[in-house]
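Biologist: I should like a close look at the aromatic side chains of this model. Please treat their geometry and their exposure together.

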Amino acid sequence: MIEVTGLSKRYGTFLAVKNVNFSIEKGEVVGFLGPNGAGKSTIMNILTGYLSLTQGKVTIDGFDIAENPEAAKKRIGYLPELPPLYTDMKVREYLNFIYDLKKVKFPKKPHIDEIMRLVNINHVENRLIRNLSKGYRQRVGFAQALIGNPDVLILDEPTVGLDPQQIIEIRNLITRLGKNHTIILSSHILSEIQAVCDRIIIINYGEIIADDLQDNLSEKLSTEHSLVARVICDERDMLATLKTVKGVKDVVALGKKENGAYDFEIIPEEGADVRAGVSGRIADRKKQLLALTSSRLTLEQVFLKLTQASSNEEARKMLGFVDDEKTTTSEDFIIEMPTEDKEGEE
C-alpha cells in the first residue's frame, strides 16, 4: 500500500532525511516515532504530497506521489498536528467544503453524517469552529481526514487536546479503522502508540533506527526476561515451590510487600515461557496470585534506549542490525543535487 525507497530530503546543505526505506501493507497500524527534529513531520509531509522529496521514490497504492500526485492523494487522509480548519465556518459547512474539495463521489449527506457520528461531533454540527474547544477542533480535523473514505490515514498527534474519555474513543476508532485502512500514527504519548500499534518505526537524526513489532523490539533490548510474582503465601514454602516449575532457572525472594503478600523474582531458562507453569503451580498450592509482571521493556523504555544511544549505528547494533553499506551523509548531496529553498523543518 505504501512503499518508500531511498527517500532523502535536503534543506540547503542540511540533510534532514537520509535514505529512508520502508513499506506498509493494507490493514497495518504503524507507530511512527522520533524525538523532536528527527524528521518525522518531514517524512509525513512528503508522504502526503505537501513537501517535495530530494531523492528517492514514494508510492501510495502503486501511484508515485511525485509523478501522479492527484491519484496518490485521493487515497490519503491526513490529520496534521495543527488541523487545517476554517474557524469562521460551521462544522457541517466546513465538512461539506472538504467533501467538494476532494471531489468525493459518495452521497454527500449520508457520508458526512456517518463521519460525524464516528468522531462524535454530530451534536455540534451547526456551531462555528472558532467557538469549539481544542478537543472538538481536533475531532473536526479527524473528520476531514476521513472524508472520501481514504485507504491510507496519516495521523500526527490525533489525541492532542482530548480528555481521557475522548482519547479512549479515538483510540477505539483508530483500532476499528485499522481493520480496513493503512494507518500511520505519530504521537509523543507513547502509551497511545503502544495501545493501538503492533509495528513501530523509530527515526532519529533523519534515519530509521528501528522497524519491527513492539514485542520483538522489547525482546531484543531486554537483557533479562524475569517475572515478578506477588503471592499471598508463606515465603519459604513458595520459594521452594516456584523452583520446581519446569523451565525455571532460579527464584529470588524479594520480601514482603503487602499484608501477607510476598514478591518473588522468577528467572526462566533461556527461551522458556514459564508464566502458565508458575500460575498453575501457585493455584495447585491453593495460594492467591495477586500479580505476575514481566521485566520486558515498555515502548517508552525501548524508545529512550535507542534514541539515547551514542549514534544511530550503535542503536541498530543494539537490535542486531548492522548496515554494511556506506552511511549516507549530507556531503554526498552537496555537489550532486541542486540547491533548494529552505523549507521549515519540524
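Which residues form one aromatic cluster?

Modeller: In this predicted model, the aromatic cluster is made up of Tyr86, Tyr94 and Phe97. Within this cluster, Tyr86 and Phe97 form an edge-to-face pair, with 5.5 Å from centre to centre and 90° between the planes. This pair links distant parts of the chain, 11 residues apart: Tyr86 lies in the loop between strand 6 and helix 3 (91-101), and Phe97 lies in helix 3 itself. Tyr86 has a relative accessible area of 46% and is therefore partly exposed. Phe97, at 30% relative accessibility, also counts as partly exposed, because the partly exposed class lies between 20% and 50%.

The structure holds 4 aromatic pairs, and one of them joins Tyr50 and Tyr78. Their ring centres are 5.5 Å apart and their planes stand at 50°, so this pair is tilted; an edge-to-face assignment would need an angle over 60 degrees. Here too the pair links distant parts of the chain, 28 residues apart, with Tyr50 in the loop between helix 1 (40-47) and strand 4 (55-60) and Tyr78 in strand 6 (residues 76-79). The two partners fall into opposite classes of exposure: Tyr50 counts as exposed at 60% relative accessibility, whereas Tyr78 counts as buried at 10%.

A further aromatic ring has a charged neighbour. The charged end of Arg139 sits over the ring of Tyr136, at 5.3 Å from the ring centre.

Key:
Residues numbered from 1 in each chain as written. Predicted model: local features only at pLDDT ≥ 70, side-chain atom pairs only at ≥ 80, totals over all residues. Heavy atoms only, no water. Phe/Tyr/Trp six-rings, centres within 6.5 Å; stacked < 30°, edge-to-face > 60°. Helix = DSSP H or I, 4+ residues; strand = E, 2+ residues; numbered from the N terminus. Buried < 20%, exposed > 50% of the residue type's maximum accessible area, 1.4 Å probe, protein only. Lys NZ or Arg CZ within 6 Å of the ring centre and 35° of its normal.
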